[in-house]
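Take a first walk through this structure. Keep the sequence and the model side by side as you read.

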Amino acid sequence: MAKVKVKKGDHVVVLTGKDKGKKGEVLKVMPAENRAIVQGVSLVRRHQRQTASQEGGIITKEASIDISNIALEDPKDGKPTRVGYKFLKDGRKVRFAKRSGEVIDG
């Protein structure tokens, strides 16, 4: 199982499939299945039974997408980029965009 380099809250770009080119925020990452759920991407319609807490009917929600089909969005220009890791002067390990060299998380 490869290391997943995207986290919840990251902004990603879809590389392949019916939603190619769409951008969205990662809502959930499932490293065991190598999949992620991205807001507004891979939408499916499901029949929902009515319960006391939620209403029924046909709802539209996001389905999971394979991690290999998404790439992190470069903070500088918004294009897809690969991710690297480096240590800052103060010893923190951070992710950075290989395209621009920009630090992704704090």
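A residue counts as buried when its relative accessible area is under 20%. Asp19 has 10% relative accessibility, so Asp19 counts as buried. Keep that cut-off in mind for the residues that follow. Remember too that this is a predicted model.

Begin with the whole chain. What does its secondary structure come to? There are zero helices and 10 strands. Read from the N terminus, the elements run β-β-β-β-β-β-β-β-β-β. The radius of gyration is 16 Å, well over the 13 Å that the globule rule gives for 106 residues, so the chain is more spread out than a compact globule. Its C-alpha trace spans about 55 × 30 × 25 Å along the principal axes.

Next comes the surface. The accessible surface of the chain is about 7,200 Å². Carbon and sulfur atoms hold 49% of that area. Of the 106 residues, 27% count as buried. Now take the contacts between residues at least 6 apart in sequence. Among these, 37% join residues at least 24 apart.

Val4 is a good place to start along the chain. Val4 lies in the segment before E1. Its relative accessibility is 17%, so Val4 counts as buried. Which residues does Val4 touch, leaving out those up to four places away in sequence? They are Val29, Pro31, Asn34, Ile67 and Tyr85. Val29 is 25 residues from Val4 along the chain, and their C-alpha atoms are 8.6 Å apart.

Tyr85, one of the residues that Val4 touches, also has a charge over its ring. The charged end of Lys93 sits there, 4.9 Å from the ring centre. A second charge of this kind belongs to Lys86. Its charged end sits over the ring of Phe96, 5.0 Å from the centre. What of rings paired with rings? A search of the whole structure finds zero aromatic pairs.

Move on to Asp10. Asp10 is in the segment before strand E1, which covers 11–14. Is Asp10 buried or exposed? Its relative accessible area is 9%, so Asp10 is buried. The Asp10 side chain has polar partners. One of its polar atoms lies 2.7 Å from the backbone nitrogen of Lys7. The side chains of Asp10 and Arg95 are joined by a polar contact of 2.8 Å. Arg95 also appears among the residues in contact with Asp10 beyond four places in sequence. The others in that list are Lys5, Gly24, Glu25, Val26 and Leu72.

Return now to Asp19, the residue that opened this walk. Asp19 lies in the loop between E1 and strand E2, which covers 23–30. Beyond four places in sequence, Asp19 touches Val14, Val41, Ser42 and Leu43.

The last stop is Ala97. Ala97 is found in strand E10, residues 93–97. Its relative accessible area is 0%, so Ala97 is buried. What is in contact with Ala97, leaving aside neighbours within four places in sequence? The partners are Asp74, Pro75, Thr81, Arg82, Glu102 and Ile104. Lys76 is 21 residues from Ala97 along the chain. The C-alpha atoms of Ala97 and Lys76 are separated by 9.2 Å.

Conventions:
Residues are numbered from 1 along each chain as its sequence is written. This is a predicted model: local features need pLDDT of at least 70, side-chain atom pairs count only at pLDDT 80 or more; totals for chains, interfaces and linings use all residues. Side-chain values use heavy atoms; hydrogens and water are left out. Rings of Phe, Tyr and Trp (its six-membered ring) pair if their centres lie within 6.5 Å; planes under 30 degrees apart count as stacked, over 60 as edge-to-face and the rest as tilted. A charge sits over a ring if NZ of Lys or CZ of Arg is within 6 Å of the ring centre and within 35 degrees of the ring normal. Helices (H or I, at least four residues) and strands (E, at least two) are DSSP runs, numbered from the N terminus. The radius of gyration is taken over C-alpha atoms; the globule rule is 2.2 Å times the number of residues to the power 0.38. Buried means under 20% relative accessible area, exposed over 50%, partly exposed in between (1.4 Å probe, protein chains only). Contact means heavy atoms within 4.5 Å. Accessible areas come from the Shrake-Rupley method with a 1.4 Å probe; for residues, only the protein chains shown count as cover. A polar contact is a pair of N or O atoms within 3.5 Å; within protein, one must be able to donate a hydrogen and the other to accept it, and residues adjacent in sequence count only if both atoms are side-chain atoms.
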